[in-house]
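Subject: A structure to look through, with notes

Dear colleague,

I am handing over a structure that I would like you to read alongside the notes in this email. Please open it first, and then go through the points below with the residues in view.

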Amino acid sequence: SSGINAEYGIAVLTLDKFGWRGFLMVTAAALAPAILLIAVCPESPRFDVYNGRVGRAEDTIHFLSKFNCKKVRVSLIKEDIQEDYEKKMSHLKTLYCKSKRIRKNSLDFD
């Protein structure tokens with residue numbers, strides 16, 4: 001609701017002076033920091049491990065632990081993430097095998 005109120009306030013301040021184009025430019029300019037942050041912020045370590053980038057995940061964990069002035073045991077986090085990854089992969093393998101059997105049976109016209 002605060003976003004709606006902010007949008008209304010911006011509309012009241014800009015529409016009379018600049019019209020709808022000015023209003024659009026002011027509200028779109030608020031997205032610029034978000035777009036820059038997307039390029040700068042690291043991916044989550046879990047996402048990196050799921051995509052096979054374990055080293056990058058470790059680097060991200062080290063960076064975040066330094067940034068927060070905390071010591072983190074990367075091995076525990078890596079084991080947890082690896083466990084989740086193995087569960088995901090076994091589930092995907094099961095789905096693939098089922099879909100392969102379905103494809104084989106559905107293409108069998110005899």
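Is Glu 43 buried, partly exposed or exposed? Before the answer, please keep in mind that this is a predicted model, and that the values quoted in this email were computed from it. Glu 43 counts as partly exposed, because its relative accessible area is 38%, a value that lies between the 20% under which a residue is buried and the 50% over which a residue is exposed.

The overall picture

The protein contains 5 helices and 0 strands, and if you follow the elements from the N terminus on, you will read them as α-α-α-α-α. Of its 110 residues, 13% count as buried, while the accessible surface of the protein comes to about 9,400 Å², with carbon and sulfur atoms supplying 63% of that area. When one considers contacts between residues at least 6 apart in sequence, 28% of them join residues at least 24 apart.

Helix H1

Helix H1 covers residues 2-29, and although H1 has 28 residues, the C-alpha atoms at its ends are only 18 Å apart, which falls short of the 40 Å that a straight helix would reach at 1.5 Å a residue. A bend is found in H1 as well, for the helix turns by about 135° at Phe 18.

Several residues of H1 are buried, namely Ala 11, Thr 14, Gly 22, Phe 23 and Thr 27. Leu 13, which is also found in helix H1, counts as exposed because its relative accessibility is 63%, and that value is over the 50% cut-off. Leu 13 and Phe 23 are 10 residues apart in sequence, and their C-alpha atoms are 8.7 Å apart in space.

Leu 15 is another residue located in H1, and with a relative accessibility of 38% Leu 15 counts as partly exposed. Together with Trp 20 and Leu 24, Leu 15 makes a nonpolar surface patch of about 330 Å².

Asp 48 and its surroundings

Asp 48 sits in helix H3, which spans residues 45-50, and Asp 48 is buried because its relative accessible area is 0%, which is under the 20% cut-off. Once residues up to four places away in sequence are left out, Asp 48 touches Glu 43, Arg 53, Val 54, Arg 56, Ala 57 and Thr 60.

How many salt bridges does a search of the whole structure find? The search finds 1, and Asp 48 forms a salt bridge with Arg 53, in which the closest N and O atoms are 3.2 Å apart. Whereas Asp 48 is buried, Arg 53 counts as partly exposed, because its relative accessibility is 31%.

The loop between H2 and H3

Glu 43, with which these notes began, is placed in the loop between helix H2 (32-40) and H3. Not counting residues up to four places away in sequence, Glu 43 touches Asp 48, Arg 56 and Thr 60. In the case of Glu 43 and Thr 60, 17 residues separate the two along the sequence, while the distance from C-alpha to C-alpha is 7.9 Å.

Ser 44 is found in the loop between H2 and H3 too, and Ser 44 is partly exposed because its relative accessibility is 38%. The C-alpha atom of Ser 44 is separated by 9.7 Å from that of Arg 56, a residue 12 residues apart from Ser 44 along the chain.

Ser 65 in helix H4

Helix H4 covers residues 54-67, and Ser 65 lies in it. Which residues is Ser 65 in contact with, if its neighbours within four places in sequence are set aside? The contacts of Ser 65 are then with Lys 70 and Val 72. Ser 65 counts as buried because its relative accessible area is 10%, again under the 20% cut-off.

As you go through the structure, you might start from the bend of H1 at Phe 18, and then turn to the salt bridge between Asp 48 and Arg 53.

With best wishes

Conventions: Residues are numbered from 1 along each chain as its sequence is written. This is a predicted model: local features need pLDDT of at least 70, side-chain atom pairs count only at pLDDT 80 or more; totals for chains, interfaces and linings use all residues. Side-chain values use heavy atoms; hydrogens and water are left out. Helices (H or I, at least four residues) and strands (E, at least two) are DSSP runs, numbered from the N terminus. The expected span of a helix is 1.5 Å times one less than its number of residues. The bend at a residue is the angle between axes fitted to the seven residues ending there and the seven starting there. Buried means under 20% relative accessible area, exposed over 50%, partly exposed in between (1.4 Å probe, protein chains only). Patches are made of residues with over 30% relative accessible area and no salt bridge: like charges are joined within 9 Å, nonpolar side chains (Val, Leu, Ile, Met, Phe, Trp, Tyr) within 5 Å. Accessible areas come from the Shrake-Rupley method with a 1.4 Å probe; for residues, only the protein chains shown count as cover. A salt bridge is a side-chain nitrogen of Lys or Arg within 4 Å of a carboxyl oxygen of Asp or Glu. Contact means heavy atoms within 4.5 Å.
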